[in-house]
Every structure is written in structure tokens, then in C-alpha cells.
Amino acid sequence: MLRPLPLLTTLVLAGPVLVGLIGAVLPAFGYLVPGADMPFSRALDWPGLTRALGVSVFSGVLSTLGALGLATLILAGWHGTRPFAWLERALSPLLAVPHAAAALGLAFVVAPSGWLMRAPATLLGWERPPDLLILGDPFGLSLAAGLVAKELPFLLLMMLAALGQVQAGSRLAVARSLGQGRVAGWLKTIFPGVYAQVRLPVLVVLVFGVTNVDVAVILGPTTPSTLSVQITRWMTDPDLSTRAVAAAGGLILFAATLAVLAAWIAGEHVLARLGRAWVWSGHGLPERAARGTGLGLATVSAVMVLLGLAALAVWSVAARWTFPDLLPEGLTLRSWNRFGPEMLATAGDTMLLAVAATLVSLVLVIGCLEAEVRHGLTAGQRALWLLYLPLLIPQVTFLPGLQLLPLSLGIGPSLWLVLLGHVVFVLPYVFLSLSGPFHAWDPRFAQVATGLGASRNRVLWRLRLPMLIGPILTAVAVGMAVSVGQYLTTLLLGGGRVTTMVTEAVALASGGNRRAIGVWGLGQALAALLPFALALLLPAILYRNRRGMRHG
Amino acid sequence: MRLALSLLAALALSAPATAQTAPDPTDWAAVSTAARGQTVYWHAWGGSTATNDFIAWIGEQAAEEGVDLRHVKLTDTADAVGVVLNELQSGIESGGSVDLIWINGANFASMKEAGLLFGPFAQHLPNWRYVDTEDKTVETDFTVPTQGYESPWAMAQLVFVYDSADVETPPASAAKLLQWAHENPGRFTFPQPPDFLGTTFLKQMLIELTDDTARLQDPVGDDYEEVTGILWDYLDQLEPLLWRQGRAYPETGPRQFQLINDGEVDIALSFSPGEATTAIENFELPESVRTYVLEGGTLGNASFVAIPVNANAHAGAMVVADILLSPAAQLRAQTPDILGYGTVLDMEKLSEEDRAAFAELDLGIATLSPEELGTVLPEPHPTWATRLAADWVARYGVAD
């Protein structure tokens, strides 16, 4: 009964991506969309293409390098210390904050008329903010900085999880005993192992950095914008044949993403070679500087995002609030009264969709993992790539196609399509969070139970799953957070009829109303955080009389 | 179990209702009977919270006539156009997902030309009898005759918004604006074309600068370079004096309001004479903000709603279009702290009571009276907007 599940899972993951790609290739070469004349040459003739593509690639690569480097420096320099515990606690909730809300908050903090500048402005009595191009700079530096702040928690937690599988303690002890400093020793002995474990997540971050829409539209440049933002513009152009140009642009972006991935993998080899030479040389690092930089930059990035969220919270209760006041003239609940009821209604739908998508994913994932145990249908490295396929292909490339192709078969946008789309993105994350603990479960429990006459199903239901309740709940929380954050998926596959908190929030963001964004953004962050809180709380309650399970 | 039930309910909602044949707009009794029990999906821009609240209120009125109105919040009208086009291409000729669109001139022209719209229906709506067809441009949209394929619901006119605390005499012509920008570099900007408000600014400046405004009423021709050269010369001078030296632009009109509130610029644009007052009421602008128009007049047009030919609920959509024209809805739309949109109705045609209600309306601190709004300039042919926006993007939007 379990045998077909891995195949089914493969279909669920790869099917929509393939369908979406076909739906992108056809219009790009002049099919499906009538009146589209040479979409490819129109996309290639767009005068901003070089710059837009350049900014996309530059900010994407820079942000990935930044987030990875920073996460590495912090782990190398501070893992196991008190500042690290503090930083981890400050950063983890940021994972659940929607990208658009984080970006909008950040934008208000760093703009020339933003919170940071208002302190000197108030003191020095400036009436006007300086006319500086901080947000939307032509090189996408502020976009890259925003992406680093948002991706750092993700990479940090991924690396932290990987640490458990590389005998970090003993490796570091050997390095230290050979006279290596803390950071140098960590980089030489632990980083290679950890990086091998988090390589795919890093590539996901890279692809997201190059192709994201929701952050780039807020922090990125506008003359021209990044290619992904331009593609969404083409998709919404009044001239309908431009949709085909969008498809062509999507393929160009896809090609560029593949090139960036190839370059990154080549870079890995070069770095590995240099690294080996460095290991043999026995040279160390400026330890103090490295540790200081890591902690300093990570703290700055955490503080900026937290300040941004605090700003949104203040905006959500602000009466009039003009430059250069540090705080609003008064507080009012008007924004909450105005947007709150609608938000709560939408929150219900959002959670329902998240629960449904996560449950489907959970059943498939547990089925696959159990099939692996029972029938030896192991998922190799290749299968892992498959798992990451939806995350490694730009959303702006295949989602429009995924909407277009079913439509040409007479299947309109619907909640079912949205649910399927969510599963495509939720499933990989559920799989990644659950496969480690599932494999780590001690098989001797099963042997003992089988020896006592229990069937394999009974072992699964009475032992394995209950003992793994903690990791399962965490996987559910991760899955729900991913579902809550799906913007393009919900928008395109739902044809605008399926509204969730994120589609509402981004629609409001186009009007730039910080009060509304404050209410919706906080609501969305809560919606994503709630499952995490439950995942922590439930096992503690369920196992209040099982001491050995509390930290399991 | 409750969860499962509500999931089922949600799924049931998304199932397409049985498609109905479009009713005859001339037989209103049949239309309003057919409308009962229908769900109308109104695709309208969702970026303005004031508009969203107004649409929710319209929904309450529609519910009284048995119509369930749902606002599909768009970031761009073209999204809805794309949905309709996709559906028709895939052979979905009835029971489509869009019932009503808040449409703009360029989209109307392209949809009407492609035969994507249902109608004519507008002149058969019961409340059409109140509409001011004499003095208001409600029967042409960007020079394209509407012929009843769309129904007006609000009048819009370009106004300039300024902070009177920073600007004493706001510049009321293209030449004065350039002069003012010289004196106050970095204090003016406009939404980045192809945003409709930014494009409107380009059209307005072209009208200000050109000698032959009549030429703009006809489609763009071979003389495009000749006609628009003067505009690009002007913008070449203006650009380095803009906010951020023209290296970045606000995305939309509301964002530009935020820049005034943040003290980053002093002058902004709005296509709704009452929007600034509404924004002041909502704490979104300083209380010192006022509006003005240019000496030679400013562009104006009407906002319309249209019904796609493959809509699922034609009757329900017509009922909503009719509610939008009702004196009560028009009065609410014109109320400054609600929406502040100009009415499309003719005061002379209203009942005594309704006329008095409109007269009593305090337009608000930053709204100009109809007399102060001055001359309304007709919109150029839609081809000008498209061409100007594309040209602007090529000149200023892709490199610095």
C-alpha cells in the first residue's frame, strides 16, 4: 500500500513544475497567447534587460554570500555561548515573518526620512530629510541587505540542525588541540561537513535572491527594476500580448538562474581547493576580528528587522505621524477596527488552506519515509534534488505557465489548484524537517516491538509516530509557515478569488499604507508563529509524565 | 469535524455556479429577478483602503437586492483583463470568473475592440436617468465612445497636492513647475510611468506645452516625434531636479502621498479631487496639505465599470452598476472622509431631498469646489498614453 507513495510524491512535486514550464515555453515561442509577435525578441529588445538582469544576479549572489558568510561566522565564533543563545532566540521568530512585511518595516527604518534618520533630524532640527538614494539604489545594495537580514535566520537554523550530524564537538576539539583558533578550527573541520548538509538550502536561497518579487518590489531599484519585477509587470500589462513577453522573460531569467547555479557550484570547487591548501598551511585567522564582525553584523541585521517590525506595530496604532517625529502624535485603534475584522476572517481561510496543504504533505512524506524503511525504497541524493526542484526553479517562470496551461484545458483558477500549488512548496520543507528525526529514531524499539508480536502498522502508529510527535509538530509548523507565506502561488493559481493574508497584504502594499500593512503584516506573522508555539507546547503537555520524551 | 466541514464549504464555494444566459438589459424587471441569489465578483484595484471600504458598503446595499458582491482586490486592472482573455481563449464563453471590472480607458479600448465586453447596458440602468450626460464626459472614455458598454460611477480630475506649510504659491503651469523645481531641487516627483497617474502627468505636461491640443484627440501617427519633442526637452530639464535626481520614482499615487507625509517631497499628484482631504482625515497627510489645479485646466475623466461578455452573473453585475449610480451611493462616494470622488449625477435631475443632501456636503478642507476645479481638459486618444509611457520608460525608466 505504501509502495506507490514515493512515485505519487514525485508526481506531485515534478508534475506542476513540468506543466508550468511547458506553459511558459509555449507562449514564449508564440503559441497559446494570440497576437504575440516574436515574444523572445521583444523581451531581448527591452532596453533595461542588461541592467535588470545584472541587478537581479548581483543582489541575489551578494545576499546569498552575505547570509551564508554571516551564518558561518556566527556559528564558528559563538556557537554554544550566551550571545549565541540570545541571537538564536532573537532570530528564530523572524523566520515566520512574511518577506513583504519585513521588507516594508525595514524600508521605513532605513529610508532618509525613516526612523534611524529621525533621531539626528530631531536633535539637529532638520525640517527636511536628506535627498539620498538609499532605498532602490541602482546596484540593489539595499535589496541585498534586506535579503541577508531575512535569509540569515533560515540558513542559521538549517546549519544548526546540520551540526548535530557532523560530530562537531569532537572535530573542533581535535582542531583546537592542534593549535587552531576557534573560528579557523571551525571553518577547517566543521564547515565542509555542515556545508555539504545545507548545500541545497543555500542554493534555494540563491535562487530566491535572484528571482524574488515581493522584496525586490519594495527595496529594489526601479529604473529599471529587477528582471523578476519587470516580468510581473509584463504579466499585468494592458496590452495582452505582453503576457507572452513575460513568459519569454521568465525563460531568460530561468537561464540566468541556471548559469548562476553553475557558477556557484564551480565556485564551490575553487573554494574547496583553496580551503584544502589553507588547512594544510596551518595558518589561522584574525580570530577577534572575525568573531567581532560576525556578532556585530548579525546583531545589526537582527536589530534592523526587529526595529522594522516594531515600526509596523507602532504604525498600526498611529494617528498622524510625520517627519521628523520619532513617535506618532497620538495612538488610535482605528486601523485595527478598520482592518481587524476582515483580517480575522481572512486568517481563518488562510489557516484552513495551510492545514490542508500541510496534512496532504505530511501524509505523503510519512508514507515515503515509511516506504523507505519497509521496502528499502531509499531516496538518494538525486531524489533530494527532485525535492528541491520547485524551490530551485524561479516562481515567476513556472507559476504563470501553471495557471495558463490548465486554463487552456478548460480548468479555471480554483481552490483545488491553489491547494496543489501550496503542497508543491510545502512538501519539500515538511520532508526536510522530518526526514532527519525519522531516520534518527532508534530501530531497536521497532525490533523489540516486532519481537513482541506487533505488526509494522502497529509499530508505526503506536511507537514511531507518537515518539516523533515533537518533530512532526515542528514539521507541521514549518509547513504551515511556508503555506501562509505563499504569494504568487495563491494569486496566480487562485485567479485572485482565493484570498489569504499574504495576498491581501501585498495588494495593500501597492498602496503603501503602513497602517494597513502593520495590521496585516503583524496578523500574518502571528498566523505563522502560532503553529510554532503549539509545536513547542503540545509535546510538553502530552509528555508531562514522560521525562525522557521532553527533549526528544 | 468542523474543520472538515468548513473545508468542504470553502471548496464548494469555489465550484463554478451554473452559468446563466445573459438577460436582456432593456427588461429591468427580469434583470433584477435574475440577479437575486447571484454572486458577483467585482475585480477592482485593492490598493486603496478607502476604496475597499466603499466597495464593502456597496456590497451591503447589493445584499439587500439579493446580490452577494465579492471584491477581488487587484494590484492592476489588467489582471482581470488577462483572466477574461485567457478564459475566452480556452473556450469558456459563459460562467467566467469575472463579473464586473473597474476599468480604465486603455483597458476599455482594448477590451471593447476585441469584443470582450457585454452590452450595451449602461443606458438601460434605472438610475441612468440621473446621470449628467451633458456636462460630464460619461459617454466617451479616452475619446472612445462607450456606447453603453461601460457604466460611469465617479468623476475624476487631476489635481496637484501640496503642503502649504512648505510651499507658499504652488506652481500652476508647466513653466512655473520647472522654475519651482530649480528653486527647490529634489522636492517634486511623480509616480513612475507606466503607472496611470504618472502617465497622466506626462499627458498633462504635453497638453501644457504643445500648441496643437486638438491633435491629441486623434490616434498617434507618424508625427509623434514632432508632437512630443517639446515634452522630452522639458523632462530632460526637469529630471535632474526631481526627488532622488530622477534615479528612483514612487511606485503609485498613494506612495507619493506617503512621501509628502515623510517630508520627502512638497508636491504630489492625485486623480481624485477629494483624495487629499480623505487622506488628511485618515492621518495619512499633514493637516497643512491643500490642492490646486493648473491655470490652463487639468485632465479629467470618469471611472467606469464594465461587464465581461463571458461573465457568470450579468444580471447581478448590472444591479451593482445601478447601485453605484444611485444618489445614496454617489453621495457616499463624494463624502470627503469616505471617498471624496466627484459624482456623475446631474443635480438638476435629482429629487429636492437628494439635491439638498449633495449641497450640504462639506467637501472638506483640502478639496476644491467645482468652480475652483476650473476647466476639465478632455483625455487624449488612448494610443497617446500607451506610447508616451513606453517612450518614457525607454528614455528614463531603464538607465540613469
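A nonpolar core, as the term is used on this tour, is a set of buried Ala, Val, Leu, Ile, Met, Phe, Trp, Tyr and Cys residues joined through C-beta atoms within 7 Å. Keep that in mind while looking around this model, which is predicted.

Begin by selecting the whole of chain A, where you will find 24 helices and zero strands. Along its principal axes the C-alpha trace of chain A spans about 75 × 60 × 55 Å, and buried residues make up 53% of its 552 residues. A compact globule with 552 residues would have a radius of gyration near 24 Å, and the 24 Å of chain A agrees with this. Among the contacts in chain A with a separation of 6 or more, 81% are between residues 24 or more positions apart.

Next, colour chain A by its domain assignment, giving one colour to residues 1-32 + 333-552, which form domain 1, and another to residues 49-224 + 288-332, which form domain 2. The C-alpha centres of these two domains of chain A lie 25 Å apart.

Now turn to the place where the domains meet, at which 32 residues of domain 1 of chain A are in contact with 26 residues of domain 2 of chain A. On the domain 1 side, select α15 (334-375), α16 (381-392), α17 (395-408), α23 (501-509) and α24 (514-542) of chain A, the elements that each give two or more residues to the side touching domain 2. Which element gives the largest share of this side? That is α24(A), with twelve residues. By residue type, the domain 1 side that touches domain 2 of chain A divides into 22 nonpolar, seven polar and three charged residues.

From there, move to the largest nonpolar core, which has 170 residues, and select A71(A), L106(A), A107(A), L152(A) and L155(A), the members that touch the most other members. Helix α18 (residues 415-440) of chain A gives the largest share of this core, 14 residues. Because domain 1 and domain 2 of chain A both give residues to this core, it lies between them.

For a closer view, centre on A71(A), which, leaving aside its neighbours within four places in sequence, is in contact with L152(A), L155(A), L156(A) and M159(A). Finally, move over to chain B and select L177(B), I207(B), L259(B) and Y396(B), which are among the 118 residues of another core that lies apart from the one just visited.

Methods. Residues numbered from 1 in each chain as written. Chains lettered and ligands numbered in written order. Predicted model: local features only at pLDDT ≥ 70, side-chain atom pairs only at ≥ 80, totals over all residues. Domains from an automatic or database assignment. Contact = placed C-beta atoms within 7 Å. Helix = DSSP H or I, 4+ residues; strand = E, 2+ residues; numbered from the N terminus. Nonpolar A, V, L, I, M, F, W, Y, C, P; charged D, E, K, R; others polar. Buried ≥ 20, exposed ≤ 12 C-beta atoms within 10 Å, placed from the backbone. Rg over C-alpha atoms; globule rule 2.2 N^0.38 Å.
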